[in-house]
Amino acid sequence: MSRPLRIGALSAAALLPVVLAAGCGGGGRPDTSAHQKLDWSPCPAPSASQDAAATKAPGKDWECATLHVPLDYAKPRGRTIGIALIRAKATGPGKRIGSLIFNFGGPGGSGVATLPALAGSYKHLRTRYDLVSFDPRGVGRSSGVRCLADRQLDAYYAADSTPDDNAEVKSLIRRVKGFAAGCEKNSGAVLRYVGTTNAARDMDLMRRVLGDKKLYYFGVSYGTELGGVYAHLYPKTVGRALFDGVVDPTQTPEQGALGQAKGFQLALGNYLRACPKGGVQSCPTQTRIRALLKRLDTRPVRGYGGRKLTESLADGGVAQSLYSRDYWQYLTQGIAAAQQGDGRILLALGDAMNGRGPDGRYSTLQSALAAITCADVKERYTVRDIERKLPAFRKASPVFGDMMAWGLTQCTGWPVRGAWTTPDVSARGAAPILVVGNTGDPATPYAGAARMAKELGPGVGIQLTYKGEGHGAYDSGNACVRQTVNAYLLDGKVPKEGKVCT
């Protein structure tokens, strides 16, 4: 999961309360020191706040606990929040290295829900590591950010996110500001403290409570930015760390969004070129896709549950399908069906992008994404800013340019000031970090891997290239990538700089 610049408005009824533990009922304040004891117990099924589509508990191999951390690290004896954890113990205890902590990106993705779902890919790593993940602060069961209610979210995501005239621009900005106001009203105490720096501090406390002298880390997408910030703050405690699907730490939000527009356009072109090779007779063209989106702008088609497929939802559905080559067949089917008035497939893909489950409930994915992003970045873009930048975005992507450009308004009216223009990830003195870039990655374009490796510093960032499709590399199943990463994480074998896997 990348940092997709989605414009969303969440709604204000039926909200999960924000849990801020100033004390423990009749007891005292929770222990937030490195000496606290984690109470591991069987895991429940993921809540709707973690994964709106999940219904089953992860199984007997998994156990869950809560790590207590300060809400504000500048006030270590003040209010606390709980960070939800999950783990599966190493299968070869005699060869155990430590805990391998995963962050799957977003920002806003629930690691507690995601790690068990993907654990089959990591069974070899589990021979020597406990597999551990967490809901970062502001996500899921870790005081998850909620701004608006589910039905309002339905209306928000369906609304026009690529305005064509002044009236539509005003409507868009009004919705974005309403979203921000809802976040402040319903999650205000948390919003100031959900940024990446605090999440990195939480990871270091997690490392110590888990009993590891070094941080062993597997970061995907935004998780690479979190890992880079951690390495900058704590270079001497970096153990073996993998950054996969790498966020470019040198880019402003504008540059990042423009890069994503180019990345999704590249992935779309790769999909269109590959489509005939699969023997599919109804492969679309870019012209047909654009014509469909334009038609949906004024004439939505039927979806499911009484909902319609609008241009904005279809935009998200097309983008979602480019995250993995496995989704390409659904994109072909979805476009063909929508052209015939059936929007169910593209709507399902768009719902996945927005974190909506089949029962109409939303996870905290997109609301936490906005909260973490806006706590991190200083830039607040105006309508005039966007209008000046639109030609460059449209040139970068005739399909996704408008969506990415107007997505820059997501922090307009946000109640919390951002921390940086770009994060500092310099980590002089850290152990080597393996940085993997995928040449066909739509969400975190390949060039970001080289820039991350450079910013980490000489001898720290070691780049591996995968010539493939989809977001990230390890979970693509490519044997070369798997073998190289496993040799590094399990045996400490650092590959030669510039190695390429095809």
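S99 sits in strand β4, which spans residues 98-103. Strands are DSSP E runs of at least two residues, helices are H or I runs of at least four, and both are numbered from the N terminus. S99 is buried, at a relative accessible area of 2%. Buried means under 20% relative accessible area, exposed over 50%, and partly exposed in between, with a 1.4 Å probe and protein chains only. Leaving out residues up to four places away in sequence, S99 touches Y129, D130, V132, L210, D212 and Y216. A contact here means heavy atoms within 4.5 Å.

The model is predicted: local features need pLDDT of at least 70, side-chain atom pairs count only at pLDDT 80 or more, and totals for chains, interfaces and linings use all residues. Residues are numbered from 1 along each chain as its sequence is written, and side-chain values use heavy atoms, with hydrogens and water left out.

A117 belongs to helix α1, residues 111-118. A117 is exposed. Its C-alpha lies 25 Å from that of A371, and the two residues are 254 apart in sequence.

| Residue | Element | Relative accessible area |
|---|---|---|
| S99 | strand β4 | 2% |
| A117 | helix α1 | 62% |

Helix α8 covers residues 311-321, and 11 of its 11 residues are buried. Among them are E311, D315 and Q320. The buried residues of α8 also include L313, V318 and A319.

Now the whole chain. The protein chain has 15 helices and 12 strands. Its C-alpha atoms fill a box of roughly 60 × 55 × 40 Å along the principal axes. The radius of gyration is 22 Å, which agrees with the value near 23 Å for a compact globule of 502 residues. That radius is taken over C-alpha atoms, and the globule rule is 2.2 Å times the number of residues to the power 0.38.

Of the 502 residues, 60% count as buried. Among contacts with a separation of 6 or more, 79% join residues 24 or more positions apart. The chain exposes about 20,100 Å², with 51% supplied by carbon and sulfur atoms. The mean positions of its 64 positive and 41 negative charges are 3 Å apart. Lys and Arg count as positive and Asp and Glu as negative; His and the chain ends are not counted.

An unreviewed UniProt entry annotates residues 397-501 as "domain: Peptidase S33 tripeptidyl aminopeptidase-like C-terminal". Such annotations may be inferred rather than shown by experiment. The span 397-501 is 28% helix and 19% strand, and its end C-alpha atoms lie 28 Å apart.

Technical notes
Areas by Shrake-Rupley, 256 points an atom, 1.4 Å probe, with all protein chains shown as cover. Charge placed at Lys NZ, Arg CZ, Asp CG, Glu CD.
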